[in-house]
Amino acid sequence: MATEKIAAATEEIEVPVEGAVTQVAQVTMRDGREPRESRSSGDTIEKVVHINRCAKVVKGGRRFSFSALVVCGDQQGKVGWGFGKANEVADAIKKATESSRKNMVTYNILNGTIPHETIGDHGGGYLMLKPASPGTGIIAGGAARAVLECVGVKDVIGKSLGSSNHANIVKATLHALSSLRHPDEILRSRGRERKPKAL
C-alpha cells in the first residue's frame with residue numbers, strides 16, 4: 001500500500017492510498033497551503049478540491065477531524081461532487097469519493113469546449129464561463145478548474161465573480177454547466193433544423 005504526505009497546518013500526516021496515484025494536482029487548504037491529489041480508477045478520475053481540518057479542544061488536548069471535497073468525472077461529459085467527514089484524511093476522501101460517484105450527472109459539452117457563454121451561481125459564488133478556441137486550455141482556477149477537467153472540457157475561459165468558498169464555486173460551476181444547451185436542441189425548440197455547410 002502506497003503512502004503520501006498531506007500537510008495539515010503545521011504537521012505532516014502520512015495518508016494510505018489504495019491503488020496507484022496517477023498524478024498530483026493542486027489543492028487549497030484552509031491555511032493557504034496547497035496539497036492536492038488526483039487519482040484515476042477505471043474510466044473515471046477523482047480530484048480532491050479541498051481538505052479542511054477542524055480542531056476540537058477537549059480535556060486532554062486537541063482532537064482533530066477532517067473534511068474533504070472531491071470532484072469525480074469520466075472526462076466525457078459526466079461529473080459529480082461529494083463531501084466527506086472523518087477523523088482521518090484518507091477516510092474523509094474515501095467517503096467524499098463514494099458520494100461523488102453517486103451524484104454524477106451528464107452535461108452538454110461540444111468539441112472540447114462549451115456551446116455558449118453561461119453564468120452559474122450558488123449561494124455567494126458566481127462563475128462565468130466562455131467558450132474558447134482549440135489550444136487555449138482551461139483558464140480557470142481552483143475548484144472550477146477541477147470540475148472542468150473532470151467533465152472533459154479542454155478549452156474554456158472562466159472567471160469567478162463572487163465568493164471564494166470552494167463548495168460554492170464547485171456548485172456554481174455545475175449550475176453553469178447545467179444551463180448549457182446543444183445548438184441542435186436550440187434549433188429544434190425554434191422549429192428549425194441545422195443546414196449543412198456548403199463545400
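**Exercise 1.** At 35% relative accessibility, does Arg101 count as buried, partly exposed or exposed, and which salt-bridge partner does its side chain meet?

*Solution.* The model is a predicted one, and the values below are computed from it. Buried means under 20% relative accessible area and exposed means over 50%, so Arg101, at 35%, counts as partly exposed. The next step is to find the partner: the side chain of Arg101 meets that of Glu46 in a salt bridge, with 2.4 Å from N to O. Because Glu46 lies in strand β4 (residues 44-58) and Arg101 in helix α1 (residues 89-102), the pair ties together parts that are 55 residues apart in sequence. Glu46, at 5% relative accessibility, counts as buried.

**Exercise 2.** Work out which residues are joined into one network by salt bridges that share partners.

*Solution.* Begin with the total, since the structure holds three salt bridges. Besides the pair of Glu46 and Arg101, there is a salt bridge between the side chains of Glu149 and Lys47, at 3.1 Å from N to O. This pair links distant parts of the chain, with Glu149 in helix α2 (residues 142-151) and Lys47 in strand β4, 102 residues apart. Then take the salt bridge between the side chains of Arg145 and Glu149, at 3.6 Å from N to O, where both residues lie in helix α2, four residues apart, about one turn of the helix. Through shared partners, Lys47, Arg145 and Glu149 therefore form one network. To complete the picture, compare the accessibilities: Lys47 is buried, with a relative accessible area of 4%, whereas Glu149 is partly exposed at 23% and Arg145 is partly exposed at 30%.

**Exercise 3.** Describe the largest nonpolar core, and state which element supplies the largest share of it.

*Solution.* In soluble globular proteins, nonpolar side chains tend to be buried together. Here the largest nonpolar core has 27 residues, and those with the most contacts inside it are Val79, Leu129, Leu148, Val170 and Leu177. At least two residues of this core come from each of β4, β5 (61-73), β9 (125-131), α2 and α3 (166-178), while the largest share, seven residues, comes from α2. For a local view, take Val170: leaving aside residues up to four places away in sequence, Val170 touches Val49, Leu69, Val71, Trp81, Ala143 and Val147. Finally, a second, separate core of 10 residues includes Val48, Ala92, Ile93 and Ala96.

Notes:
Residues numbered from 1 in each chain as written. Predicted model: local features only at pLDDT ≥ 70, side-chain atom pairs only at ≥ 80, totals over all residues. Heavy atoms only, no water. Salt bridge = Lys/Arg side-chain N within 4 Å of Asp/Glu carboxyl O. Buried < 20%, exposed > 50% of the residue type's maximum accessible area, 1.4 Å probe, protein only. Core = buried A, V, L, I, M, F, W, Y, C linked by side-chain atoms within 4.5 Å. Contact = heavy atoms within 4.5 Å.
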